[in-house]
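Thanks for coming, everyone. I'll keep this brisk and talk about what holds to what in one protein chain. Please have a look at the model first.

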Amino acid sequence: GTPQKYDPTFKGPIYDRGCTDVICCVLLVLAIAGYVVVGVVAWTHGDPRKVIYPTDSRGQFCGQQGTPNEYVSRPSLAGTSGPPPRPLVPVQICVSKCPDRYLTYLSAYGSRAPGELEYYRQFCVPEFKNLQKAPIQVLTDKECPAMLIPSTPLARRCFPAIRAKKGVIMIGNETTYDDGRGRRRNVTELLEGAKKANVVLETRQLAMKIFEDYTVSWYWIIIGLVIAMVASLVFIVLLRFLAGIMVWVMIVMVILVLGYGIFHCYMEYAKLKGEAGSDVSLKDLGFQTDLRVYLHLRQTWLAFMIILCVVEVVIILLLIFLRKRILIAIALIKEASRAVGHIMTSLLFPLCTFFLLCLCIAYWASTAVFLSTSNEAIYKVFSESPCQFSGQTCKPETFNTSNVTKLCRDAQCLFAFYGGETAYHKYLIVLQFFNVFMFFWLANFVIALGQVTLAGAFASYYWAFKKPDDMPAFPLFSAFSRALRYHTGSLAFGSLVLAIVQVIRVVLEYLDHRLKAADNKFAKFLLSCLKCCFWCLEKFIKFLNRNAYIMIAIYGTNFCASARNAFFLLMRNIIRVAVLDKVTDFLFFLGKLLIVGSVGILAFFFFTQRIKLVQDTAPPLNYYWVPILTVIVGSYLIAHGFFSVYGMCVDTLFLCFLEDLERNDGSAEKPYFMSPDLKKLLKKTNKGQPDA
């Protein structure tokens with residue numbers, strides 16, 4: 001590309017600018033309007049109770065719509081499992097509580113114990129009132145289950161209470177049960193249908209203990225997160241003064257570690273001299289599953305030593321030839337600290353981005369739930385005896401008057417699942433896909449808005465000749481208003497391109513999940529290549545978008561022009577870009593590691609009651625790792641929020657610095673805008689003018 005030429009009218013972010021990428025802005029508005037329509041339609045047809053509440057065999061929600069009982073029980077499962085094989089009739093009944101004992105209807109009917117039959121009646125259909133009815137007729141009419149087994153409530157559903165005692169599977173305290181038809185069965189026959197539920201039950205108990213830990217430690221967790229926030233702020237302030245020391249200490253440590261590695265490899269190589277079998281070559285040894293075998297070969301340690309020596313030499317040569325650029329990176333990092341110090345509100349701006357992202361996530365999640373519950377109740381014909389209508393769709397309102405009941409005496413019209421045959425139900429998958437696509441588009445738009453706002457604010461700092469006197473009064477607000485007023489279309493363009501790539505990656509992940517059970521190696525290989533390519537493409541687009549947004553914030557050009565100018569500017573300074581990127585990335589990683597590690601260690605010693613001064617203050621916990629992990633994850637997110645602002649500041653100042661070098665020459669007509677430290681490093685001066 002062509003280097004930027006001097007423009008006497010350019011004094012930083014251009015205020016006299018026009019709207020860019022209007023077509024994309026219109027597309028975004030139309031897409032949002034369509035997204036709102038999809039949400040309204042989903043909220044009109046959907047019913048989240050289908051996810052939360054169980055349904056009985058009539059399609060009614062337990063605890064809703066005239067069924068006050070809370071749990072759903074499937075007692076017919078116990079009565080129809082095992083030989084002789086018969087079609088399963090999954091009758092589901094809403095009950096007030098789950099069964100807590102083994103009991104058959106025959107034993108309850110003939111029991112002399114008062115209330116035994118009345119207890120059993122609560123697990124029968126609501127219409128069953130005649131307790132004197134013959135048991136054989138009750139079971140034939142399917143008004144009551146043949147038997148009850150001890151069950152445990154889970155997600156408002158009753159599952160067999162399975163437990164293992166000394167390796168023996170038991171339900172309640174029994175290993176066998178009466179199926180209500182005069183046969184004894186082993187409880188393992190119930191295991192297959194309920195073992196997954198038992199895992200979920202244990203998970204639920206774990207979740208309850210975790211919730212208890214949160215209730216007694218939440219305020220200490222908040223204190224830990226506040227400490228992380230203060231530590232992040234202090235680190236950013238100290239980075240202004242200690243960036244140079246930290247970088248050079250890091251470089252020296254890397255050289256020393258590599259030097260020790262070379263020394264250790266040489267000592268191992270010398271120690272193996274003369275030992276039997278140590279002179280065998282790697283080629284003769286071939287591949288071994290036990291990797292420790294290779295450590296007994298001199299050739300292995302010689303290869304390690306050569307590799308480390310090459311890396312050591314390369315690093316030393318890079319330091320010799322790139323020392324000036326490393327100093328520039330350090331100076332830019334210090335300058336970024338000054339910029340953040342003059343625009344302290346920038347540290348709070350990620351909260352705005354976080355809030356908008358939460359809105360996007362909430363709308364996407366609620367719309368997805370309502371769309372997934374937009375189906376209608378489907379009823380099917382079930383029969384224990386052979387019936388030609390079994391499995392066909394039926395309507396409960398007209399079933400008793402249909403020919404099905406005449407031809408199949410024991411047939412029932414029961415709720416099967418949620419579905420639908422209308423055009424709306426057929427295109428639900430398309431609406432879900434649109435929901436996912438709009439989530440990626442809007443989320444990327446929110447992130448882009450945050451980046452262009454910060455870039456505009458920090459660019460106004462760099463291009464202020466007398467800092468901070470020449471800066472606008474409210475740089476962050478000015479940059480935010482310019483971005484929304486003029487560049488909504490450009491931000492929509494960049495976020496749209498990224499969203500398309502991300503959706504393609506989601507589709508590839510879905511296909512990969514579906515192909516896991518397949519044995520087509522070529523398809524798996526091709527899919528892996530595509531996933532790798534699109535992952536790289538997403539990273540490149542994110543990098544390009546980030547720098548394009550900086551150019552948009554400064555010059556007010558459209559997305560394509562900004563992306564092209566930023567790309568060519570970086571390519572003309574590719575070595576500086578590589579060095580600065582790695583140095584700043586390491587410093588930010590070091591800062592995050594220092595903050596998260598320090599706060600995490602403090603949380604560990606506190607919650608494990610190892611700090612004697614506050615030993616009695618620490619709350620009693622089921623799992624001490626719950627608050628510790630929460631503090632660590634929260635500390636990382638807080639540190640990442642602070643350093644994301646810092647990283648955007650460094651990237652913006654770097655592009656401005658490169659533009660400054662191309663536009664100006666330090667003369668009275670073309671003075672440099674860079675800081676005195678950078679001018680000193682580059683041996684540049686502003687002739688005839690004092691440094692700002």
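One definition to begin: a salt bridge is a side-chain nitrogen of Lys or Arg within 4 Å of a carboxyl oxygen of Asp or Glu. The idea behind the rule is simple. Side chains of opposite charge can pair when their charged atoms come close. Keep in mind that this is a predicted model.

Now take Arg572 and Glu662. Their side chains meet in a salt bridge, at 2.8 Å from N to O. Where do the two residues sit? Arg572 is in the loop between helix H18 (559-571) and helix H19 (574-607), and Glu662 is in helix H20, so the bridge ties together parts that are 90 residues apart in sequence. Are they buried or exposed? Arg572 is partly exposed, at 28% relative accessible area. Glu662 is partly exposed too, at 22%.

How many salt bridges are there by this rule? The count is 12. Some of them share partners. Asp100, Arg101 and Glu116 are joined that way into one network.

Here is another one. The side chains of Asp651 and Arg546 form a salt bridge, with N to O at 2.6 Å. This pair links distant parts of the chain. Asp651 belongs to helix H20 (residues 625-663), Arg546 belongs to helix H17 (residues 521-555), and they are 105 residues apart. Asp651 counts as partly exposed, at 22% relative accessibility. Arg546 is partly exposed as well, with a relative accessible area of 22%.

Then a pair within one helix. Lys271 and Glu268 make a salt bridge at 3.6 Å, N to O. Why is about one helical turn between them? Because they are three residues apart in helix H7 (residues 188-271). Their surroundings differ: Lys271 is exposed, at 53% relative accessible area, whereas Glu268 is buried, at 17%.

Next, the nonpolar side. The largest nonpolar core has 107 residues. Which residues have the most contacts inside it? Trp441, Tyr646 and Phe657. Helix H14 (residues 428-462) gives the largest share of this core, 18 residues.

Let's look around Phe657. Leave aside its neighbours within four places in sequence. Phe657 then contacts Ile328, Leu332, Tyr462, Met674, Leu678 and Leu682. Apart from the largest core lies another one, of 17 residues. Among its members are Phe123, Cys124, Val125 and Phe128.

Cys124 brings me to the disulfides. A disulfide is a covalent bond between the sulfur atoms of two cysteines. How many disulfides does the count give? Three.

Number one on my list joins Cys124 and Cys144, with sulfur atoms 1.9 Å apart. The torsion about the S-S bond is about 110°, so this disulfide is right-handed. Cys124 lies in the loop between helix H5 (116-121) and helix H6 (135-140), and Cys144 in the loop between H6 and strand E4 (147-148), so the pair ties together parts that are 20 residues apart in sequence. Cys124 and Cys144 are both buried.

Number two joins Cys387 to Cys408, at 2.0 Å from S to S. With 90° about the S-S bond, this link is right-handed. The pair connects distant parts of the chain, 21 residues apart. Cys387 is in the loop between strand E11 (376-382) and strand E12 (393-394). Cys408 is in the loop between helix H12 (403-407) and strand E13 (412-419). Cys387 is buried, at 14% relative accessible area, and Cys408 is buried at 5%.

Number three joins Cys394 to Cys413, at 2.1 Å from S to S. Its torsion is about 100°, so it is right-handed. Cys394 is in strand E12 and Cys413 in strand E13, 19 residues apart. Both of these cysteines are buried.

Some cysteines stay unpaired. Cys24 is in no disulfide. Why not? A disulfide needs two sulfur atoms within 2.5 Å, and the nearest cysteine sulfur to Cys24, that of Cys560, is 8.2 Å away. Cys24 is buried, with a relative accessible area of 13%. Cys529 is in no disulfide either, and its nearest cysteine sulfur, that of Cys533, is 6.5 Å away. Cys529 is partly exposed, at 32%.

That's my tour. Over to you for questions.

Conventions. Residues are numbered from 1 along each chain as its sequence is written. This is a predicted model: local features need pLDDT of at least 70, side-chain atom pairs count only at pLDDT 80 or more; totals for chains, interfaces and linings use all residues. Side-chain values use heavy atoms; hydrogens and water are left out. Helices (H or I, at least four residues) and strands (E, at least two) are DSSP runs, numbered from the N terminus. Buried means under 20% relative accessible area, exposed over 50%, partly exposed in between (1.4 Å probe, protein chains only). A nonpolar core is a set of buried Ala, Val, Leu, Ile, Met, Phe, Trp, Tyr and Cys residues joined through side-chain atoms within 4.5 Å. Contact means heavy atoms within 4.5 Å.
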